[in-house]
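Work through the exercises below with the structure open. Each task is followed by its solution.

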Amino acid sequence: FSFYGAKHLRRGVPLSRVMKGFGRIFASSSGVGVNYEMSRTVDRFRYFLSHNWSVSRWYKHLALCFVFNFNLALSIGFVLLAVFAILTSLHLMPMVPEHNGEGESTWVARALVAPSMALALLFGSDVLSTLGFRDPLVFVDKVCIHQTDEDEKLKGISKLGAFLDCSDRMLILYSDVYLRKLWTIYEVATFLSLRSISAMDVVPVQMPAVIFGAPPGGYIFSSTLMLWRYLADADPGWLRYVLKSLFSFGFLMFLRRWAREKARTIVQLREFDVSDCTCAVEADREVIYAKIADLMCVVHEDLRNASTMETLEVFNEKVRLHMPLSFGYMFGWTTFRYEHMLFISVVAIGTQSSDYAYFDSSSRWQQVLCYWLTQFTWVFCVWPAVIFSAEILSASFLSIRRFESLWIILCICILAAPSAVLHAWMEKMVERSIDDDRSVLLCAVVSCPMLISTWLLVFFHRRSRIRAAHHLETKSPHIEGSSPGVPASTGLSDPELDDNASVHSV
């Protein structure tokens, strides 16, 4: 767990080089000398990237874009919505008449918000790196361990624990094969022996596909409706509902499949046996067994005279006991965090809104206030609530397979009914606010508590996750001599856990 006498092996690579060429370095596990030259000697890493080479490079690249470019894309979405709202309300944007002659609207926000957010997701880190912003340093085995010099390669592999100890966080690009590979199991066990469980981030490689699919999906949705409206000169009411239903069906099917994958992972960990794990190179098995035995001897001093098979059996027991709780915490109760729900809601509002063309300098302030209250409520409360409810419903009755499509359709109806009623009521309040001040008061009475309660729920949910992580940490000893100042926890501990209390905390 130390680079003492071998500091030249402690190498990291800037994130922009890893993501260059759409994750070209993830195309194959075989490396060349040029790959090693991409890295440089460093003191610490921001992230240790843990992944499987059997997973497609495209999935891994999108997952990295999702982790490192998400905040930039969300900020751009909010800024564009605000700018287009102001410019449109001042009639500084190109306007076109509605098909029924009632008012005007602009296509600019619908056409630009979603593509801009998609481009920021894909190329945000590249742009920031070009502008001179510092890249986070990461560890990638193919780049940071020499692949052509066998002696240097073996030395680098032997220092894998030291690489983990020098990493502030661990980023797991999770797939269905992740916990069936011996190397990745060793990486997770070692990192949890050195760091807090809250320092580990798990990103399912399929999840970014939903986030990346939101902007193109919203763009296609709005473009189709606009073409229908202006070419057919008719309100595409039925087409709107058909497209919404198709998008909702695909989204719920993804959530249901991921719920099954989480349940399967927990069962797999409870029945874990290190001998069932596979290696890409079978000759590495004995090497990893020896490293696991060393890890067990460091964590448990009484195992230092035990045989390799005895230490592996202890390793199996500890994984079965603690890993299900650890991964249950890392997966979280819901797949999408509040920020992810905001991203989808911003795309939805940006591609479906009326573009604020109802307001000009002659509009009453009560009408403008009422409209903005409804928009804020939809972005920050209603859409996240709908997505959260969709995840809860889709994860229910996982044993249903024969009539699964009917259950998904029923879930869509359950979600659509209250949303449609609330949307109609809010539109009515905005219309009545033109000449009725009580509508503004009623809208504020409904919207403000919804917004405040949503933010309070998000705050307390995050506090509960912190307490759950602390609960797991206090039950697990860590390797002595790990990085100071960083709370360390392990899924490989001696004390028995109160399973009911731990599950309740998670």
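**Exercise 1.** In this predicted model, which side chain of opposite charge is the nearest to Arg57, and how many Å away is it?

Solution. Start with the position: Arg57 belongs to helix 3, residues 57-89. Arg57 is buried. The nearest side chain of opposite charge is Asp126, 11 Å away. A salt bridge requires a distance within 4 Å, and Arg57 has no salt bridge.

**Exercise 2.** List the residues in contact with Arg57, leaving aside its neighbours within four places in sequence.

Solution. The contacts of Arg57, with those neighbours left aside, are Gly21, Phe22, Gly23, Arg24, Phe26 and Ala27. One of them, Phe22, lies in helix 1, residues 15-23.

**Exercise 3.** Describe phi, location and exposure for Phe22 and then for Phe397.

Solution. Take Phe22 first. Its phi is positive, about 55°, although Phe22 is not a glycine. The residue sits in helix 1. Its relative accessibility is 37%, so Phe22 counts as partly exposed.

Now take Phe397. Phi of Phe397 is also positive, near 55°, in a residue other than glycine. Phe397 is in the loop between helix 14 (365-394) and helix 15 (404-432). Because the relative accessible area of Phe397 is 52% and exposed means over 50%, Phe397 is exposed.

**Exercise 4.** Check the span of helix 15 against its expected value, then name some of its buried residues.

Solution. Helix 15 has 29 residues, which at 1.5 Å a residue should span 42 Å. The end C-alpha atoms of helix 15 are 43 Å apart, which agrees. Its buried residues include Glu404, Trp407, Cys411, Ser419 and Met426.

Notes: Residues numbered from 1 in each chain as written. Predicted model: local features only at pLDDT ≥ 70, side-chain atom pairs only at ≥ 80, totals over all residues. Heavy atoms only, no water. Helix = DSSP H or I, 4+ residues; strand = E, 2+ residues; numbered from the N terminus. Buried < 20%, exposed > 50% of the residue type's maximum accessible area, 1.4 Å probe, protein only. Lys, Arg positive; Asp, Glu negative; His and termini not counted. Contact = heavy atoms within 4.5 Å. Expected span 1.5 Å × (residues − 1).
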